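Okay, thanks for coming, everyone. I'll put the structure up and then walk you through the strands and the rings.

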Amino acid sequence: MKAAILSFLMVLAVSALSIAQQDKSQRASPPDSTIVTTDDGVTIAIHYSKPSLKGRQIGVEIAPFGKVWRTGANEATTFEVDKDVLIQGQPLPAGKYGLYSIPGENTMTIIFNNVWDQWGTRYDESQDALRVTATPSGGGELVEQFTIKADKAGTVTLRWGDAMVPFMVKAAQ
């Protein structure tokens with residue numbers, strides 16, 4: 001009888017641990033998303049995790065300049081559009097993509113990768129669907145947690161620290 005109770009308690013403990021690990025909102029970099037339908041009818045859905053600065057310097061200690069960054073934390077950030085679009089004027093077919101970037105001091109390369117269902121650090125350049133360049137601007141209010149926003153005009157903005165990096169998404173004609 002004691003063995004049965006002990007076994008039951010162990011199963012209960014393992015189950016509770018498993019459920020706790022599945023609660024992504026408890027992660028140090030919690031999940032977030034932005035979903036919008038633009039004025040020209042494109043639905044943009046972006047799902048990502050929000051790392052915090054925690055006193056680290058962007059470009060040096062986190063999201064290093066000149067190196068591919070997963071544009072968030074944890075699993076690959078996903079970028080999905082329901083129609084063919086132009087990103088910064090360049091064509092991207094409707095679909096779901098992994099969103100990566102290469103931060104720089106004066107520009108940021110935004111990367112749309114065909115592989116999206118994976119851990120964020122497993123990037124394969126040969127799977128890139130599109131790369132575009134965006135220009136960061138600074139001087140805004142300090143944002144501790146990385147944030148992505150999209151608006152009805154089709155502007156997607158990456159914000160972290162005092163930097164903002166916007167890029168445009170428009171319906172392809």
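Let me start with a quick one: which residue in β6 does Val81 stand opposite? Have a look at the screen for a second. The partner is Gly95, so that's the residue in β6 to find across from Val81.

Before I go on, keep in mind that this is a predicted model. The mean pLDDT of the chain is 88, with 85% of the residues at 70 or more. There is a stretch I'd skip, though: over residues 12-20 the pLDDT stays under 50, and the model has zero contacts there beyond four places in sequence. Where pLDDT is low, you shouldn't read the predicted coordinates in detail.

Right, the sheet. We have six strands in an open sheet, and going across, the order is β1-β2-β3-β6-β7-β8, with antiparallel pairing. At the edges you find β1, residues 31-37, and β8, each of which pairs on one side only. From one strand to the next, the twist averages 20 degrees.

Now zoom in on β3, which covers residues 77-81 and pairs with β6 in the antiparallel sense over five bridges. On its other pairing, with β2 (residues 43-49), β3 is again antiparallel, this time over four bridges. If you want a landmark there, His47 stands opposite Thr78 in β3. And how buried is β3? Four of its five residues are buried, so the strand is largely enclosed by the rest of the structure.

Next, a hairpin. Strands β9 (residues 143-150) and β10 (residues 155-161) run antiparallel and are joined by five bridges. Ala150 is the one opposite Val156 in β10. The hairpin has four residues between the strands, and Gly154 takes a positive phi near 95 degrees.

Okay, on to the aromatics, which I had fun with. How many aromatic pairs does the structure hold? Eight of them. Take Tyr100 and Tyr123: the ring centres are 4.9 Å apart and the planes sit at 50 degrees, so we call this pair tilted. Tyr100 is in strand β6 (residues 95-102), while Tyr123 is in the loop between β7 (108-113) and β8 (128-134), so the pair ties together parts 23 residues apart in sequence. Tyr100 counts as buried because its relative accessibility is 1%.

Then compare Phe112 and Phe167, an edge-to-face pair with 6.0 Å from centre to centre and 75 degrees between the planes. Phe112 comes from strand β7 and Phe167 from strand β11, residues 163-171, so here the parts being tied together are 55 residues apart in sequence. And are these two buried or exposed? Phe112 has 0% relative accessibility, so it counts as buried. Phe167 is buried too, with a relative accessible area of 1%.

There's also a cluster to look at: ring pairs link Tyr48, Trp69, Phe146 and Trp160. And one last ring before I stop, Trp116: Lys96 lies over its face, at 3.9 Å from the ring centre.

That's my tour. Shout if you'd like me to go back to any of the views.

Note on methods. Residues are numbered from 1 along each chain as its sequence is written. This is a predicted model: local features need pLDDT of at least 70, side-chain atom pairs count only at pLDDT 80 or more; totals for chains, interfaces and linings use all residues. Side-chain values use heavy atoms; hydrogens and water are left out. Rings of Phe, Tyr and Trp (its six-membered ring) pair if their centres lie within 6.5 Å; planes under 30 degrees apart count as stacked, over 60 as edge-to-face and the rest as tilted. Helices (H or I, at least four residues) and strands (E, at least two) are DSSP runs, numbered from the N terminus. Buried means under 20% relative accessible area, exposed over 50%, partly exposed in between (1.4 Å probe, protein chains only). A charge sits over a ring if NZ of Lys or CZ of Arg is within 6 Å of the ring centre and within 35 degrees of the ring normal. Two strands pair if DSSP finds at least two bridges between them. Axes are lines fitted to C-alpha atoms, for helices over the stretch in contact, and angles run from 0 to 180 degrees between N-to-C directions. pLDDT is the predictor's confidence in each residue, from 0 to 100. Contact means heavy atoms within 4.5 Å.
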